[in-house]
Amino acid sequence: MTTTAWRADPYADALRTGRGPLFLRRDDGWLLPLEVERWCEEPDSADRSVLARCGHRVLDIGCGPGRLVAALTSDGRRTLGIDVNPEAVSRTERTGGAALCRSVFEELPEEGRWDTALLIDGNIGIGGDPARLLRRLRRIVSRTGRVLAECAPVDVDERCEVRVDDGRGGRGEPFPWARMGVRALSDQAAATGWSVSDGWTAAGRSFLSLVPQPSVPTRR
Ligand SMILES: C[S@@+](CC[C@H](N)C(=O)[O-])C[C@H]1O[C@@H](n2cnc3c(N)ncnc32)[C@H](O)[C@@H]1O
């Protein structure tokens, strides 16, 4: 399943060294490169465009080695990273951020009170079911909060099974994943209680800001 697969050795090894190559491999052999080196560096200009849109209390979901958590923390924001990979959590803590080894689908601290939830570097794919993840986020983010989500750079709407692959024969267990471009994510957001409040591109990466749709008052 998803959570144990991301704990697998090829991913943990890459986080330990801060280096790839590393891929998500589909059964048909298609490879999606994972940018481990970039994840282990300081935030780049695209990351900074995300950080500039964050509120005060930020939950980074699937924080990886924690560059965003560290930057937000040093900027005085109350930030927590969550990740199912213990090496990701240790690295985040070593960079000065707070992190919890926990799945987004488990109970989390301060549910309903986060100003911003981040789904960066393809993390809309977590769990392989974006509708489930977006519904879960309605319970995590405050009524005035937002989700900042990175979209695939192409017009895609895909659910698939993948493995982490180091390109040298090391492979983890299969787990479900998803990829969504701007159009697919906008449609899925609308169907799960979110409105698109902003969309932008930076350094070739695409992002959407999602805010909760107002609840429909119930009739008496
Ligand atoms: C594509 S990587 C994103 C890396 C990260 N954003 C960064 O800056 O390095 C996906 C991350 O999500 C984590 N993950 C996978 N399933 C998860 C879950 N159910 N809950 C929380 N994190 C999860 C993985 O361990 C991995 O670190």
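**Reading strands, a helix and a ligand site**

Mentor: Let's start with one residue pair: in strand β8, V164 is the bridge partner of L24. Keep in mind that this is a predicted model.

Trainee: Okay, so in which sense do β1 and β8 pair, and over how many bridges?

Mentor: Antiparallel, over four bridges, with β8 covering residues 157-165. β1 also pairs with β2: residues 23-26 and 31-33 run antiparallel over three bridges. On that side, F23 stands opposite P33.

Trainee: What links β1 and β2, and where is the positive phi?

Mentor: The two strands form a hairpin with four residues between them, and G29 in the turn has a positive phi of about 95°. Another glycine to look at is G96, just after α6, with a positive phi of about 100°.

Trainee: While we're at α6, which of its residues are buried?

Mentor: In α6, residues 86-94, you'll find E87, A88, V89, R91 and T92 buried. Their cover includes helices α2 (9-17) and α5 (67-74), along with strands β4 (78-83) and β5 (99-101). Check the start of the helix too: a side-chain oxygen of N85 comes within 2.8 Å of the backbone nitrogen of E87.

Trainee: Now R38 in helix α3: buried or exposed?

Mentor: The cut-off for buried is under 20% relative accessible area. R38 counts as buried because its relative accessibility is 14%. The residue sits in α3, residues 36-39.

Trainee: Which residues does R38 touch, beyond its neighbours within four places in sequence?

Mentor: D44, D47, R67, D121 and R205. With D121 there is a side-chain polar contact of 3.0 Å.

Trainee: And the ligand: which residues come nearest?

Mentor: There are 20 residues around the ligand, and Y11, P65, R67, D83 and D121 come nearest. So two residues from the R38 contact list, R67 and D121, turn up again here.

Trainee: What polar atoms does the ligand meet at R67, D121 and G62?

Mentor: At R67, a side-chain N or O atom is 2.4 Å from a ligand oxygen. For D121, a polar side-chain atom lies 2.8 Å from a ligand nitrogen. G62 uses its backbone: a polar atom there is 3.1 Å from a nitrogen of the ligand. As for cover, the ligand taken alone exposes 600 Å², and the protein buries 100% of that.

Trainee: How many residues of that shell are nonpolar, polar and charged?

Mentor: Nine are nonpolar, seven polar and four charged.

How values were computed: Residues numbered from 1 in each chain as written. Predicted model: local features only at pLDDT ≥ 70, side-chain atom pairs only at ≥ 80, totals over all residues. Heavy atoms only, no water. Buried < 20%, exposed > 50% of the residue type's maximum accessible area, 1.4 Å probe, protein only. Polar contact = N/O pair within 3.5 Å; in protein donor to acceptor, adjacent residues only side chain to side chain. Contact = heavy atoms within 4.5 Å. Near = heavy atom within 4 Å. Areas by Shrake-Rupley, 256 points an atom, 1.4 Å probe, with all protein chains shown as cover. Nonpolar A, V, L, I, M, F, W, Y, C, P; charged D, E, K, R; others polar. Pairing = 2+ DSSP bridges.
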